[in-house]
Amino acid sequence: MAATGSTSPAVELEVGDRSVRISNPDRVYFPARGETKLDLARYYLSVGDGILRALRERPCMLHRFPEGVSGEKVHQKRLPRGAPPWVETVRVDFPRYHRYAEELCVTELASVIWAVQMSTVEFHPWNSRRSDTERPDEWRIDLDPMPECGLDTVRRVAHVAHEVLDELGAVGWPKTSGGSGLHVYVRIEPRWGFADVRRAALAFAHEVERRSPVDVTTTWWRKDRDPRAVFVDYNQNARDHTIASAYSVRGFPEATVSTPISWEEVDDVMPADCTIATVPGRFASLGDLHAGIDDVVFSLDTLLEWAERAERDGTSPRA
Ligand SMILES: [Mn+2]
C-alpha cells in the first residue's frame, strides 16, 4: 500500500485466519520508550490467550487514543464504524437515557487487533457476558490507593482480602491495575443483578476494613477518605462501571499493563515494571496466570447474608 505524506505504509497482520490492516504502524503511542501502534498490536498478539480470556463474550468499552497516549482520549461504548463483518457486538441498554449501544464483543483475537487498528489502547469489559448482560459472572475487588498511600499498604490490604476470600471459600485472581493499585477478580455464579453484586462487594469491603481499620477505607466521599489508606472500591461492581481488563495496556506514556500475578508475588511485584516491554516475556515463560479463572465459581450467598445483617442492624453506611 502506498504511503501518503509523512505516514508510514500500512501493515497487514495475520491473526488466525483473518488479516487485519494496521494503518500508521510507526505512530508513537507511548513516548516514554517510544513504542508504536504496531508495537501495541504485537503486544496484544503476544498475550493472545490471556487477553481473549479476559474479554471473551463481554460487552467491552474502549479507551481510544488516536494520536497516542499524549493526545486526546476517546471513551468509546459503541463499536467504531467500519468494522469488518466478523467483528461481533452485544447490545446493552441504558434505560435511564432511553438509549442502547452495540458494544464490541470479543470472540477471537482478530477483533482485539482490529480494535487496536481503531486506536484502542485500553479494554474495559463489563463483568457480565453476552448470554445475560444483566447478571455478572465476575466480582471485582479494586484496591485503590489514595494519594499518600504506599505500595506496602496496598500489599498488606491484598493479603487481608486474600485471607477473607479463603475463609469464604472463594478463589481470587490478583493482577496489577496498571496504575498503582491491585485488582482481584472472583468468578461468581451469574444469579444476581448488579445491585446485589455491589451489595456483596460492599459487605466484603467492610469486613476487610474491620480487620485492617488503619490501612483500609470504604468511605464514600473521596474528600473524607484518609489519604494514606486503600479505598476498597466496591462501586466498580455497579452496572456500566468498568475497569481495565487483565492484559489491558494502560493509556500512560510508560505503557504499563494490568498484569496477572500469583498471590506469592504480591509482596515483590513492581507494577511500574509490568509494561508492554516486559509482559510478553513473562507471558511466554509463565503462561496466563489467570488460566484457571473459569474453573471455580463462587456463590455470593454468604456475603449477601452479611449485607442483609448489616442493613438490618443499621451498621451499613450509605450503600
Ligand atoms: Mn482502581
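Let me start at strand β11, residues 173-176, where Trp173 and Lys175 point one way while Pro174 and Thr176 point the other way, and all of them are buried, buried meaning that 20 or more other C-beta atoms, placed from the backbone, lie within 10 Å of the residue's own, with exposed for 12 or fewer and partly exposed in between. Strands and helices here are DSSP runs numbered from the N terminus, strands being E runs of at least two residues and helices H or I runs of at least four.

Before going further, I should say that this is a predicted model, in which local features need pLDDT of at least 70, side-chain atom pairs count only at pLDDT 80 or more, and totals for chains, interfaces and linings use all residues. Residues are numbered from 1 along each chain as its sequence is written.

Now to the partner of β11, which is strand β12, residues 182-187, and the two pair in the antiparallel sense over four bridges, where pairing requires that DSSP finds at least two bridges between the strands. Within this pair, Trp173 stands opposite Tyr185 in β12. The two strands form a hairpin with five residues between them, and Gly178 in the turn has a positive phi of about 90°.

Where does this hairpin sit in the wider sheet? Five strands form an open sheet of mixed pairing, in the order β11-β12-β10-β14-β13. The edge strands are β11 and β13, the latter at 216-217, and each of them pairs on one side only. Further in, β10 (residues 138-145) and β14 (residues 230-232) pair in the antiparallel sense over three bridges, and Asp144 stands opposite Phe231 in β14. Helix α4, residues 151-168, packs on the sheet and touches β10, β11, β12, β13 and β14, with its direction making about 150° with that of β10; a contact here means that two C-beta atoms, placed from the backbone, lie within 7 Å.

Turning to the helices, two packed helices are described by the angle between their axes and the distance between the axes. Helix α1 (residues 37-46) and helix α3 (residues 109-117) pack at an angle of about 165°, with their axes 10 Å apart, the axes being lines fitted to C-alpha atoms over the stretch in contact and the angles running from 0 to 180 degrees between N-to-C directions. The two are therefore roughly antiparallel to each other, given that angles over 145 degrees count as such, under 35 as roughly parallel, 65 to 115 as roughly perpendicular and the rest as oblique. On the α1 side the contact is made by Leu40, Ala41, Tyr44 and Leu45, and on the α3 side by Val112, Ile113 and Val116.

Helix α3 is mostly covered, with nine of its nine residues buried, among them Trp114 and Gln117. Just after α3, Ser119 takes a positive phi of about 70°.

By contrast, what can be said of Asp273, in the loop between β14 and α6 (279-286)? Asp273 counts as partly exposed because it has 14 C-beta neighbours inside 10 Å.

Finally, the overall picture: the protein has seven helices and 14 strands, and 45% of its 319 residues are buried. Its radius of gyration is 20 Å, which agrees with the value near 20 Å for a compact globule of 319 residues, the radius being taken over C-alpha atoms and the rule being 2.2 Å times the number of residues to the power 0.38.
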